[in-house]
Amino acid sequence: MPEKDIIDVLSTDILVIGGGISGLVATVSAAEEGVSVITLEKGDSPFQYGWWYGVIGSKLHKERGINIDKNHVWALLQRAGLFRIDPRLIKMWVDNSGKVMDWLLDIIEDESGIKYDSFPIETHPEKVHNGEPPKVTIGGIEVLRYFPTAILLPSNTVVVPSLLKRIEKLKGKVLFGTAGVQLLKDGDKVVGAVAKTKDGYIKINSKAVILATGGYEGNKLMLRKYIPEADSIVHVLGKPLNTGDGILMAQWVGAAIDPWPHAPMLFDWGLYGTKVPTLENIFRQPWLAVNMFGERFYNEDNIYGYTCKAYFYQPGHFAWVIWDDKWRDEEILLRMGGTVCERTTNKYIDLTTGVFSNEPIIFHKEEWVEELINKGAIIRASTIDELASKMGVPIETLKKTINRYNELAMKGIDEDFGKDPHKLVAIDKPPYYAAKVGPALLVTLSGVRVTPELNVLSKDWKVIKGLYAVGNTCGGFFAYEYPVAVTGDSMGRAITTGYIAAKKAVEYVKSL
Ligand SMILES: Cc1cc2nc3c(=O)[nH]c(=O)nc-3n(C[C@H](O)[C@H](O)[C@H](O)COP(=O)(O)OP(=O)(O)OC[C@H]3O[C@@H](n4cnc5c(N)ncnc54)[C@H](O)[C@@H]3O)c2cc1C
């Protein structure tokens with residue numbers, strides 16, 4: 001970047017690039033230590049996805065008597081990443097996330113006046129059958145347990161405004177509409193960055209830089225390079241501005257990144273026949289799923305990321321989800337729903353305000369289903385023959401599959417794929433419905449190699465001085481897919497890494 005193109009030069013102790021959740025937390029965490037902080041945000045205004053914040057041992061958990069076994073979660077996350085992760089990094093989250101949540105809840109209470117104990121913890125109330133804890137089983141064997149790690153916080157209306165207020169009080173600066181484009185180095189140290197504004201380029205000199213630019217869900221080339229499912233993704237739901245800038249900037253100064261393949265956060269919201277993702281969740285329930293040949297292929301009672309992997313493994317990388325007119329029955333919806341984000345009945349938590357509520361449902365409305373039928377995204381038919389021909393699958397095979405499924409529902413045991421008998425609902429009440437579904441992408445989760453202190457590592461495993469990466473910009477935490485069993489641990493990772501990286505960066509700056 002030629003100096004003549006720089007229209008302004010700023011100076012600060014710590015530069016945070018990215019003003020999403022991890023970046024804003026890092027900004028407050030650094031500024032409260034008395035150093036100066038400038039934060040760059042590419043977007044023109046704040047916007048945050050994510051409501052479930054996964055942490056262990058917060059004061060809310062303690063007060064509500066929810067004791068999560070830290071070692072159990074630590075071990076599970078290592079296994080979920082098939083050990084292609086850094087156990088020390090995960091332990092850092094396990095050990096610190098509760099404390100960071102307490103800190104965040106205090107800020108929210110001070111700045112927004114909402115008492116910390118008004119927020120719910122995701123305990124999957126509707127998924128608890130017969131006193132059993134929420135879990136996924138195959139043939140009665142537990143393969144996955146949902147830990148009640150996630151506290152539900154309204155990000156855009158409560159969390160982000162509280163953090164911004166605190167930043168202002170601490171005299172931190174957030175520059176919106178300003179994108180970091182290149183890191184600056186002096187010898188072996190990172191000493192700032194060049195950023196692009198609508199008026200031109202600016203230079204920010206700093207003693208340390210924290211990269212918090214999220215993942216690369218908005219970058220098609222990177223998706224194709226690192227995510228095997230990229231070409232089968234029907235919708236991308238994450239921020240289009242997340243184009244992997246932090247990961248690329250780090251690589252340009254010699255950083256190592258996670259090996260291929262990277263971990264996406266896939267979501268079973270890829271409804272064919274829609275141009276944009278729908279909030280409707282009826283087709284995301286564990287009804288019967290068949291492939292393009294009309295054959296059943298897996299235990300449909302699974303979590304969204306793994307369901308997408310199962311779809312990807314099928315010819316054409318999609319599934320037909322089939323259900324019948326019993327979907328209008330609240331008792332059936334209660335039986336089907338309940339994995340995180342999967343509920344069709346939402347009478348327990350109002351996700352707009354984040355507080356307990358009896359108000360029904362934002363993830364499912366009968367009129368939305370009708371709208372999707374009118375658009376042709378959901379097929380309706382009065383006979384199985386008609387359904388099969390509208391779907392374009394072999395009629396006789398589909399009839400055989402449905403007959404067998406109904407037989408299993410009658411027996412109350414899934415001899416073929418081991419699904420929880422609660423979820424075996426016969427397809428026998430016309431009209432019948434089918435939706436063609438493939439993977440959607442929320443965010444990407446792999447990134448720059450870091451130490452447990454969030455220092456960025458070079459390709460020869462040495463710390464790049466003055467450079468830190470947090471949230472979805474850093475790697476080492478997830479591999480292959482997002483293990484939803486530890487609910488909300490993406491937001492949990494974002495706040496914990498943001499908080500810790502900032503404290504470490506302050507120590508570094510003060511040591512110079
Ligand atoms: C619909 C949806 C729902 C989700 N729900 C949950 C949930 O409930 N629980 C959960 O754990 N996870 C959830 N996630 C994932 C979660 O939102 C992310 O994992 C989390 O936001 C990551 O935080 P981050 O700070 O790393 O990135 P982000 O929150 O994406 O923030 C990155 C920021 O950096 C900015 N930026 C990008 N490039 C630059 C640049 N060059 N210069 C300056 N700024 C830049 C972007 O504009 C963005 O604001 C959800 C994701 C989606 C899409």
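Domain bounds here come from an automatic or database domain assignment. That assignment splits the chain into domain 1 (3-263 + 445-511) and domain 2 (265-441). Colour the two separately, and you will find their C-alpha centres 32 Å apart.

Before you click further, note that this is a predicted model, in which local features need pLDDT of at least 70, side-chain atom pairs count only at pLDDT 80 or more, and totals for chains, interfaces and linings use all residues. Residues are numbered from 1 along each chain as its sequence is written, and side-chain values use heavy atoms, with hydrogens and water left out.

**Stop one: helices 3 and 4**

Select residues 70-80 for helix 3 and 87-112 for helix 4. Helices (H or I, at least four residues) and strands (E, at least two) are DSSP runs, numbered from the N terminus. The two axes come within 10 Å and cross at roughly 145 degrees; axes are lines fitted to C-alpha atoms, for helices over the stretch in contact, with angles running from 0 to 180 degrees between N-to-C directions. The crossing is right-handed, that is, the near helix is turned clockwise from the far one by less than a right angle, whereas anticlockwise would be left-handed.

Show side chains for Lys70, Val73, Trp74, Leu77 and Gln78 of helix 3, and for Pro87, Ile90, Lys91, Trp93, Val94 and Asp95 of helix 4: these make the contact (heavy atoms within 4.5 Å). By class, the contact has seven nonpolar, one polar and three charged residues. In this scheme Ala, Val, Leu, Ile, Met, Phe, Trp, Tyr, Cys and Pro are nonpolar, Asp, Glu, Lys and Arg are charged, and the others, Gly among them, are polar.

Now pick Leu82, in the loop between helix 3 and helix 4. Its phi is near 45 degrees, a positive value in a residue other than glycine. Leu82 counts as exposed at 57% relative accessibility; exposed means over 50% relative accessible area, buried under 20%, and partly exposed in between (1.4 Å probe, protein chains only).

Then go to Ile108, also found in helix 4. Is Ile108 buried or exposed? Ile108 is buried, with a relative accessible area of 0%. Leaving aside residues up to four places away in sequence, its contacts are Gly113, Ile114, Phe119, Leu153, Val158, Val159 and Ser162. Draw a distance to Lys70, and the C-alpha atoms come out 26 Å apart.

**Stop two: helix 10**

Select residues 366-375, where Val369, Leu372 and Ile373 are the buried residues of helix 10. They lie on the same side of the helix because they cover an arc of only 105 degrees around the axis, taken from the directions from the helix axis to the C-beta atoms. Which strands do they pack against? Add strand 14 (264-271), strand 19 (378-381) and strand 20 (432-444) to see them. Rotate to the other side, and Glu367, Asn374 and Lys375 are exposed. Just after the helix, Gly376 has a positive phi of about 85 degrees.

**Stop three: loops**

Find Pro261 in the loop between helix 7 (245-252) and strand 14; a cis peptide bond with omega of about -5 degrees joins Trp260 to Pro261. Pro431 sits in the loop between helix 12 (395-411) and strand 20, and the peptide bond from Pro430 to Pro431 is cis, with omega near 0 degrees.

Finish at Trp461, between strand 21 (455-457) and strand 22 (463-469). Trp461 is not a glycine, yet has a positive phi of about 65 degrees, and counts as exposed at 53% relative accessibility.
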